[in-house]
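Q: Could you take a close look at the aromatic rings here, and then show me what the chain around them looks like? I'm in my first year, so please take it step by step.

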Amino acid sequence: MPTRAAVLAAWLVSLAPAPAGQMRSVWDGVYTVEQAQRGAALYQTHCASCHGVALTGAEAAPALTGFEFRSNWSGLPLGELFERLRSSMPPEDPGQVSARDKVDVLAHLLAVGGLPAGPAELARDALAGIRFEATKP
Amino acid sequence: MARRFRLLALVLVPLVWVLVSGDGRLAGQARDSGGEWTTFGGDLASRRYRPFDQINRDTFGDLEIAWRFKTDAFGPRPEFTFQATPLMVGGVVYTTAGTRRDVVALDAATGELLWMHREDEGARGEGAPRRLSGRGVAYWTDGREARIVYVTPGYRMIALDARTGRPVPGFGSGGAVDLKLEMDQPIDLETGEVGLHSALVIAHDVIVVGAAHLPGGAPKSRVNVKGHVRGYDARTGKRLWIFHTIPQAGQPGDDTWERDAASYTGNAGVWTQMTIDEDLGLVYLPVELPTGDYYGGHRPGAGLYGESLVALDLKTGQRKWHFQLVHHGLWDHDVPCAPILADITVDGRLIKAIAQPSKQGWVYVFDRATGEAVWPIEERPVPAGDVPGEWYAPTQPFVTKPPPFELQGVTIDDLIDFTPELRAEAVKLVSRYTLGPLFTPPPVSRWEGPLGLLMVPSSTGGANWPGGALDPETNVLYLYSFRNPSVIGLVHDPSRSDMTYVQGLAADPNAPKPAPGAAAGGAEGGGVALTVQGLPILKPPYGTMTAIDLDRGEIVWQVPHGETPDAVRNHPALKGLDIPRTGRTNGRIGTLVTGSLVIAGEPGFFTMPNGLRGAMLRAYDKATGKEVGAVPMPAPQSGSPMTYMLDGRQYLVVAVSGAGYSGELLAFRAPLPPAAR
């Protein structure tokens, strides 16, 4: 018989992380330097006014790099983070930047976060299979 | 057994309530029959307190979900920043919800949707300075009619029939008052930079309305909308009075503005919650600073009523007293939350007091009738900086009691010290920044250093908008705060602003030029993430729950609030170290105090003991700070917890949301005793 707390927890939390072994992580070189550079330019135009040129956030908007950002997204598929910025950013008009371009912006976020670049570009359909991890697994 | 349990609760709870506030001292307009929660702060005194004790140390760990309410559909897209405190009146829960800030009424027993109201404001809403669902609604009744009143993103005040959700025809024009009008200044109805996302307060049939703007680190202009505060008739929506938070020529306080700065400077709004003493007939305004969070060269002078606590006559808007917490602010130390009313006894003397938590780590305590400080607040000299054109206040007020609840200023001793290597790296990292005590002025940013001031508490606190909670039985105040520096530097950037300096960081002169169209120079909050091998630059505790005895002006207990983040627990450099609970480096966390507990959720995700990603709702023994229970939640607390009694059972409701988890209300209740199930 599971305890009441365990039942409650299972019911509440549907977003259990996928088993680590089956997924790549953001530490595996999942984007290219060039892609991140394209993303950087887009970021400066569409995001920096609120999140800061260096992604450190302020009162206007949360940081998109650093300790708390990493901690909060850790364990989730990268697709979740992508979905967040695809559907809601920039707040006044999320359609301003295409979904394709936003994959590049995401690559920029990873680069600023000190995560390694790799040989192949980040692709939208691969996002669900890559885990965001705060620390190197 | 079941019947006895219910009966007992039904009889006891209203009785206890009568004992506590039966003299009506602090009772609100929305007078409450006992089990309800009728205004954002629990009562107009902003105490966030209920004496209920069915949810207690024995039952907390067994809390069950009574209902949950997801807000995704209340707007064109889901919301991830759900900050409301719902109200409960007459068995109905009322709250704002979703990215459009709709209003919903829910059955308080089941969470079933009873009605919803939606205002599509088009471009006016989308371009608003304060978007999303906001902090909640206000309730008003004259005994016959009952209304829900709130402010839309586009800064219109709407009154709804509490029973049906329909706009009240006799209020303003068809149930709406345009708040961009009658503000004693010209404001563009679509693009004028003013809004509000706090919940309104109402007493003696007067609605008090604040004003909020875009964050002010790098305003486009020194000229902005002034954040005047107004009173409105709760029946008709007619404006009753206006209080000029930036005095007009000839009004008291205009001498604290030099060189005509009061004519064009804006902001100085009240973006957070207000508090009312119904018996004294006073409303208390926590005012933010005027235009320019970190540069005041265009607003020389002390600048009343910037960063002041102001007491107004509720009926007329006439100022009774004020106290400026920061003169000519350069640190974004907006007075951030509702002050809390407490009838305290200091050295045998009964004082009707008001306690104002702050971003900068002090609780300021005054006699709320006169504004006189309960313990000395001393004007002490502070250093001037050397930013061209800046005006520096020679002194600032220092609170002598109670002691600060958060670290103020930063020294090498405060840096991460898990290992000597981490400390050494941190020392190297901060060598390019200005370190110093509270009120160290921000410098002009230079690439070779200093890049900026390492400001602790940060621009978001210390304490922030959720404020604290007060136990009127003991006069102990509880509040959450966190510790994480902001980097504040100033840059000259005419492409972004007509101000001589705005917040930003010097760029590396040897770095490649930014792409065309990119923001030049620095940026709001710009800088490098201040982490050492991915770890926070300061040593723990990062997030703290503090209990302050307001009779004695002393801290009773202080515990870390929030589990140690995975990134610390799993960090390779910390293997084998025994690290006590750290709390989190972020979060705006409201507290609730009940018969025996202090209750608050965690501000960030971590891997919970059950292996799932989420955050805990925690309960502490209010006397000792010892944790007595914790419940897993799917996401961090983003609103503030509230509680109510319904049909003999105590409910606990809290808004959660965060990274990858959209807004949801969770309603918990204690399970029935075994025989009753």
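A: Let's start with the rings. This is a predicted model, and over all its chains the structure holds 18 aromatic pairs. One of them is formed by Trp331(B) and Phe439(B): it's an edge-to-face pair, with 5.4 Å from centre to centre and 75 degrees between the planes. The label fits because planes over 60 degrees apart count as edge-to-face. Now check where the two partners sit. Trp331(B) is in the loop between β17 (319-324) and β18 of chain B, while Phe439(B) is in the loop between β23 (433-434) and β24 (452-455) of chain B, so this pair ties together parts that are 108 residues apart in sequence. Are these two rings buried or exposed? Both Trp331(B) and Phe439(B) are buried. They also have company: ring pairs link Trp331(B), Trp362(B), Tyr364(B), Phe398(B) and Phe439(B) into a cluster.

Rings can have charged neighbours too. Arg135(B) lies over the face of Trp465(B), 4.0 Å from the ring centre. You'll find a similar arrangement at Trp447(B), where Arg432(B) lies over the ring's face at 4.5 Å from its centre.

Next, follow the chain to β18 (340-346) and β19 (349-357) of chain B; the loop between them holds Gly348(B). Is this glycine buried or exposed? Its relative accessibility is 71%, so Gly348(B) counts as exposed. Try finding Asp551(B) from there: along the sequence it's 203 residues from Gly348(B), yet in space the two C-alpha atoms are 9.4 Å apart.

For a look at strands, go to β15 (residues 282-286) of chain B. That strand is mostly covered, with five of its five residues buried. You can check this face by face: Leu282(B), Tyr284(B) and Pro286(B) are on one side of β15(B), Val283(B) and Leu285(B) are on the other, and all of them are buried.

β15(B) has strand partners as well. β14 (residues 275-277) of chain B pairs with β15(B) in the antiparallel sense over three bridges, and here Thr275(B) stands opposite Tyr284(B). β14(B) and β15(B) form a hairpin with four residues between them, and in the turn Gly281(B) has a positive phi of about 70 degrees. β15(B) also pairs with β16 (residues 308-313) of chain B, again in the antiparallel sense, this time over five bridges. If you want a spot to aim for, Leu285(B) has Val310(B) as its bridge partner in β16(B).

Finally, zoom out to chain B as a whole. Its secondary structure comes to five helices and 41 strands. How does its radius of gyration agree with that of a compact globule? With 677 residues, such a globule would be near 26 Å, and chain B has 24 Å, which agrees. Along the principal axes, its C-alpha trace spans about 75 × 65 × 55 Å. Of its 677 residues, 67% count as buried. Take the contacts in chain B with a separation of 6 or more: residues 24 or more positions apart account for 63% of them. The outside is worth a glance too: the accessible surface of chain B comes to about 22500 Å², and 53% of that belongs to carbon and sulfur atoms.

Conventions
Residues numbered from 1 in each chain as written. Chains lettered and ligands numbered in written order. Predicted model: local features only at pLDDT ≥ 70, side-chain atom pairs only at ≥ 80, totals over all residues. Heavy atoms only, no water. Buried < 20%, exposed > 50% of the residue type's maximum accessible area, 1.4 Å probe, protein only. Helix = DSSP H or I, 4+ residues; strand = E, 2+ residues; numbered from the N terminus. Pairing = 2+ DSSP bridges. Phe/Tyr/Trp six-rings, centres within 6.5 Å; stacked < 30°, edge-to-face > 60°. Lys NZ or Arg CZ within 6 Å of the ring centre and 35° of its normal. Rg over C-alpha atoms; globule rule 2.2 N^0.38 Å. Contact = heavy atoms within 4.5 Å. Areas by Shrake-Rupley, 256 points an atom, 1.4 Å probe, with all protein chains shown as cover.
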